[in-house]
Every structure is written in structure tokens, then in C-alpha cells.
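Work through the exercises below with the coordinates open. Each task is followed by a stepwise solution.

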Amino acid sequence: MKRILITGAAGFLGSHLCDKFINKGFHVIGMDNLITGDLKNIQHLFHLENFEFHHHDVTKFIHVHGKLDYILHFASPASPIDYLKIPIQTLKVGSLGTHNLLGLARVKKAKILIASTSEVYGDPLVHPQTEEYYGNVNTIGPRGVYDEAKRFQESLTMAYHTFHGLETRIVRIFNTYGPRMRLNDGRVIPAFIGQALRGEDLTIFGDGNQTRSFCYVSDQVEGIYRLLLSDYHLPVNIGNPDEITINEFAQEILKLTKTQNKIVYHPLPINDPLQRQPDITKANKILNWEPKITRQEGMRLTFEYFKSLSKEELLKEDHKDFSKYIN
């Protein structure tokens, strides 16, 4: 049985990756310090013989017993509300955490896939974004802690590939959504759905003409799975190129939720990207991958998940104490 270590395993995307590799017959070792992850996302796996969980911070020394065939490094705060509260930990997991995992991969002779992000393109001046675009990032802006952590992570990964001959993969993830997203993590889909379900105004930052391209989680996970098993070591965009403005998306949410909420506008945060659309030519050619789930179907499934939450969960605000992680 192949053994795979998945960091960030209790997070939104990490938990779905655990499901994928369990279903493919792997022995999955999940690792998470639970700074933003939640054990409820993987509690359905705890009874399985081919799943184990380690409560551990990857910025500290990592030890895993036995052989490892693969590593997926998905540990990182991934929404602005998180990485603006814990900027130092965000930088550390992208640098020290990545360094530790690359070292582990080298010792175990494991293939490692690093989760990068469309944020490496910053507020792009090229549209759509291809993997060859170097980006437009403000290194000292409030979002820079996340953007630069991921950019450094890519550089370090490539250094291990070229200098040590390590088998590495880099996925650049565009906006992904689906069940298990945190309701109050600050990203637009859970924010809009939560506001609609609570009867609140939908909040748009900026004029609403900025664009996003949303990829359903099962499509994203399939793309990551194919990239891991491929022989391509350069970055690959995985996302859905179906671009939409935030104004249009807000109207879709009102229609989906059958609500008459107002839309209110607030100033655009510093360095918030005005355009997001992946060029997935490489993913299609190299991995024979393209998204299958339409936004309409994916949003229906996501809305059903959020509707299933209790009233207490819908009203709960995220007051997690991050102070113990800041050092």
C-alpha cells in the first residue's frame, strides 16, 4: 500500500485530498496543527485502518515512521482574514515548513507536491494568467505575507529539484470552493451564502467589477491527483477559467438562496486583485484535465452544505485565539 503524508489535512482542501487518496487505496497520514483546520472535517476517517492523524506544526522538526511514497504540502492559512491575523506564522509555514517537508521528502525518497496559489500573480497585469507570468506583487503590502510565502516556497522547491534531484510538483491553485469551507473565513462564497442565510446585506468590496474564477473542490482535487502522478515538475495552474464579476456573482447568490437581501459596497482592500482567470492550457495538455462541475451545480452543492449547518453555527463568529501561534 502506498503511503502519503498530507499536511493541512484538517483544512478545507486538505480534508478532501485525504478522502481522495483514501478512496484510491493509499495509507494516508494526515498532519495539522489545527491553527485554521478543524477535526470535524476528517473525523469520518478516524476509524479507518489506512488513516492516521498527527497533531503537529510543520514549522517544527517532522518525523514520520516507516516509508513515505508521496507528500502533499497543503499546510497554510489560506484566507485574508487568517493570514492578516497571523502573518508571521503564514510566512513560517511557507518557508520553514516547506524546508522541513522538502528535507523529509529527500530522506524518505518521496515525491512531493507543493500547494502554491494564484496569489503568486498578485494583481495581475496579464489576463488570463499563464504559468510563465511572473506576477505583480507588493512584497510589503498586507497580502504580501501570503503571496511571498508561496513565491519563496516555489523557489525553494525548485532549488531542491535542481540541486538534489528531488521529485517535486507545484500546483498553483485558483479560487476553490465547496463543502467544508469555514463560514466566516472571509472569502466571498461563504461570506455571501452566510449573509444570505442570516438575512443580512451582501457585502461587496470595491465596485464589484473585479472578477474571480471559481473551481469546485472535486475538480481541484482531481487536478492535484493527476499532477502528483505526472512527470511534470514546473508549476501548473489548476482552476476553472469560467470568469465572473463579483456583481454578477452576488446576483447568482440571491437567486440561488431565494432571498431579497440588499447589496452594499465597501472600500476595496489594499492590493486585492482586480482580475482572476487561469489559463489551463498546460493542465489540459499535460494532465488531460479540465473542470467538469459547472458553477451552478457546484454552488447548489455548496449551498446545501451550508444550509445543513445549525443555527448556532450560522450565527457563530470566528473568535479563534491566534496569539499562541505568533512568535
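**Exercise 1.** In the loop between which two strands is the place of Leu 34? Then classify its burial.

Solution. The model is predicted.
- Step 1: Leu 34 sits in the loop between strand 2 (27-32) and strand 3 (51-55).
- Step 2: Its phi is near 65 degrees, a positive value in a residue other than glycine.
- Step 3: Most residues other than glycine have a negative phi.
- Step 4: Leu 34 has a relative accessible area of 17%. Buried means under 20%, so Leu 34 is buried.

**Exercise 2.** Find the place of Arg 180 and classify its burial.

Solution.
- Step 1: Arg 180 lies in the loop between strand 7 (176-177) and helix 5 (188-198).
- Step 2: Arg 180 is not a glycine, yet its phi is positive, about 85 degrees.
- Step 3: Its relative accessible area is 17%, so Arg 180 counts as buried.

**Exercise 3.** Describe helix 6 and find its link to Leu 17.

Solution.
- Step 1: Helix 6 covers residues 217-228 and reaches 16 Å from first to last C-alpha, close to the 16 Å expected.
- Step 2: Of its 12 residues, 10 are buried. Val 221 and Ile 224 are among them.
- Step 3: Leu 17 touches Val 221 and Ile 224, and its partners also include Ile 6, Leu 72 and Phe 74.
- Step 4: Leu 17 is one of the residues that touch the most other members in the largest nonpolar core, which has 60 residues.

**Exercise 4.** Which residues does a cis peptide bond join?

Solution.
- Step 1: The bond joins His 127 and Pro 128, with omega about -5 degrees.
- Step 2: Pro 128 is in the loop between strand 5 (111-117) and helix 4 (144-164).

How values were computed. Residues are numbered from 1 along each chain as its sequence is written. This is a predicted model: local features need pLDDT of at least 70, side-chain atom pairs count only at pLDDT 80 or more; totals for chains, interfaces and linings use all residues. Side-chain values use heavy atoms; hydrogens and water are left out. Helices (H or I, at least four residues) and strands (E, at least two) are DSSP runs, numbered from the N terminus. The expected span of a helix is 1.5 Å times one less than its number of residues. Buried means under 20% relative accessible area, exposed over 50%, partly exposed in between (1.4 Å probe, protein chains only). A nonpolar core is a set of buried Ala, Val, Leu, Ile, Met, Phe, Trp, Tyr and Cys residues joined through side-chain atoms within 4.5 Å. Contact means heavy atoms within 4.5 Å. Lists of a residue's contacts leave out its neighbours within four places in sequence.
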